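Please open the model in your viewer and keep the selection tool at hand. The stops below should be taken in order.

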Amino acid sequence: MNTTYDTAYGERARQEADAAQSVRVIVQGIFGVLKYAAVFFMAFIFLFPFVWTVLGSLKTSGELLIVPIQWLPKVPQWGNYAKIFSAMGFVRSFGNSVFVSGAVALSVVFLGSMSGFALAKYQFAGRRLILTFILSTMMIPYFVFLMPTFYLIYRLGWVDTYLALIVPSMITAFGIFFMRQFIEANVPDELLDAGRIDGCSDFRLFVNIVMPLCKSAYLVLGVTTFISNWNSFLWPLIVTSTEEMFTIQVLLSTLQDSYGGMRTRPLLMAGTTISIIPGLLLFLLAQKQIVQGISVTGLK
Amino acid sequence: MTSFGASTGSDIAALAEAKDVRGRGGRRSKAAPYLFLLPALLFFSVFWVFPFLFSIWVSTTDWDILGNLSDLTYQGLENYGKVLNDPIFRTAVRNTFTYVLMDVPALTVLGLGLALLLKQSMVGRGAFRTIAFLPHGTSAVALAIIWKIIYMPADSGVLNGMLLQLGLPTLGWLTDPSWALPSILIMTIWKWTGFTLVVFLVALFNIPSEYYEAARVDGANVWHTFRHITIPLLRPTFLFTTVTNTIGAFQIFTEVYLMTEGGPAKATEVVVHYMYTVAFEWLKMGKASAMAILLLALILAFVLVEMRLLRARD
């Protein structure tokens, strides 16, 4: 159309614009490639120790030690898993951990929401003080309590019992705070008033009205509590002394001594793999909520 | 009853009051919150107030766990003097400081860097975030065992195997005194980066995109927007990750206990591990309690400085 005005100069300008455009596309393309390269590298770094462990658990001890590295087992040694399951105490301590973490999770959820309910929905003298007190317990690191609490457990005669593993973790300040925030936002006052008019006692209000409304919060708090107790090590290490009472983490730490040698290393890797699975499965299931929890506590 | 009367009509309140009196007595609502809180208050008294005060008290005595509490001799601040003059404790403090001062900045830089990377539009972002977050859901014991196997000396560890295949010399990761602490550092940075990343990622997504668009209209480049929008708005996040990571780093125990036991030649001895050894292997509880109180003071001082620095320019 405008051919008459389409001088050599205009043609050059257009060519330059085209060139600039394609440079931009190329630069963007390079950035895109670099971006994914960086992300895949990151994923490799984070996954490698896990993958190496799972692969190692299926190798023979010879395959694990060969240089150049043999990445895949020639024949997967599923027998390693059978052997570790029949190893002394493995099943028992796995069961101990399930029982202890489960009991602690139930207790943290129930007692946490009971205290949280009181702090969220009642006005009473000392409310502020109690809340501050409970929150302040979160600020002191565990190692300060380690020796006196052990002494207490020792004097109570609870060393090497389930009580020692469960009771000191039965309530957490985080659990109370978390449930208080949830109940304040999600349990309508009208419902509680209606319950009172119907003659519900305060405890029945809690059990029949508050608890059913807390299901989603219970799930999140219960799962995170279970995971952190499944993974906890120092306290069980201190209060258990016989293999029957070991939690899975304590047993694993002793397996390192008995199976850490070169010839039994695949067995140690199999045991480690099994010990990771329950916590990690729950972690993956609740990941979204855990992230939300972090953003709530972290960013106020 | 007060909250009840406030939230609904007084006639309903009166009705309920009547029911109250007739049914279970009018005082029940006043006692209820205290009854609900009773288990928690008892619990925190027994497992928090008591141990805390007890710790401070026994740190001034020659307590060991086997002795009777009535036989304790008061020693004033003798334990603190002993601890401060203990060469192993000094080494442990120095190592812990080195560890914290390397760990916390590294986590901040890597966490923020990877969060900025994952904030770009890309396929599979959620999966990558999950992968980086995996170590956070895994026990310290399992990870210590895994990394100890990876770090195995000579050609029996996979890391040295890879170095060999690249034609590089192998390293005594956990056996060489100058490499042991850095090796533990690498492992714990690997473990905690995902947590820091997730916190930063949440915060980045909370910054309204209009800010960036407005800046771009005004001709700001990527660096400008990062420097003048992202960094200032992330200040609370910096504070949170720094304080959380600092408190966590000061308490490193499991990795040292399982991977090096403080060795070689005390190169990885850290305060909590040494405290554990003094308390539960040597049974010198008084001395260990003094160490606990000193470490607590150290952490508090450190965190207060960090809060000062990071809150400064409000």
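The tour passes from chain A to chain B and then to the surface between them.

This is a predicted model, in which local features need pLDDT of at least 70 and side-chain atom pairs count only at pLDDT 80 or more, while totals for chains, interfaces and linings use all residues. Residues are numbered from 1 along each chain as its sequence is written, and chains are lettered from A and ligands numbered from 1 in the order in which they are written.

**Chain A.** Select chain A, which has 15 helices and 0 strands; helices (H or I, at least four residues) and strands (E, at least two) are DSSP runs, numbered from the N terminus. Its C-alpha trace spans about 95 × 65 × 35 Å along the principal axes.

**Chain B.** Next, select chain B and colour by pLDDT, the predictor's confidence in each residue, from 0 to 100. The mean for chain B is 83, and 88% of its residues reach 70 or more. Which elements of chain B have the lowest and the highest mean pLDDT? Helix H1 (residues 2-7) of chain B has the lowest, 35, and helix H5 (residues 87-119) of chain B the highest, 93. Now select residues 1-28 of chain B, where pLDDT stays under 50. Where pLDDT is low, the predicted coordinates should not be read in detail.

**Between the chains.** Display both chains: 83 residues of chain B are in contact with 73 residues of chain A, contact meaning that C-beta atoms, placed from the backbone, lie within 7 Å. Select helix H3 (residues 28-58) of chain B, which supplies the largest share of chain B's side, 18 residues. The predictor gives the complex an ipTM of 0.83 and a pTM of 0.83.

Definitions and conventions: Two residues are in contact if their C-beta atoms, placed from the backbone, lie within 7 Å.
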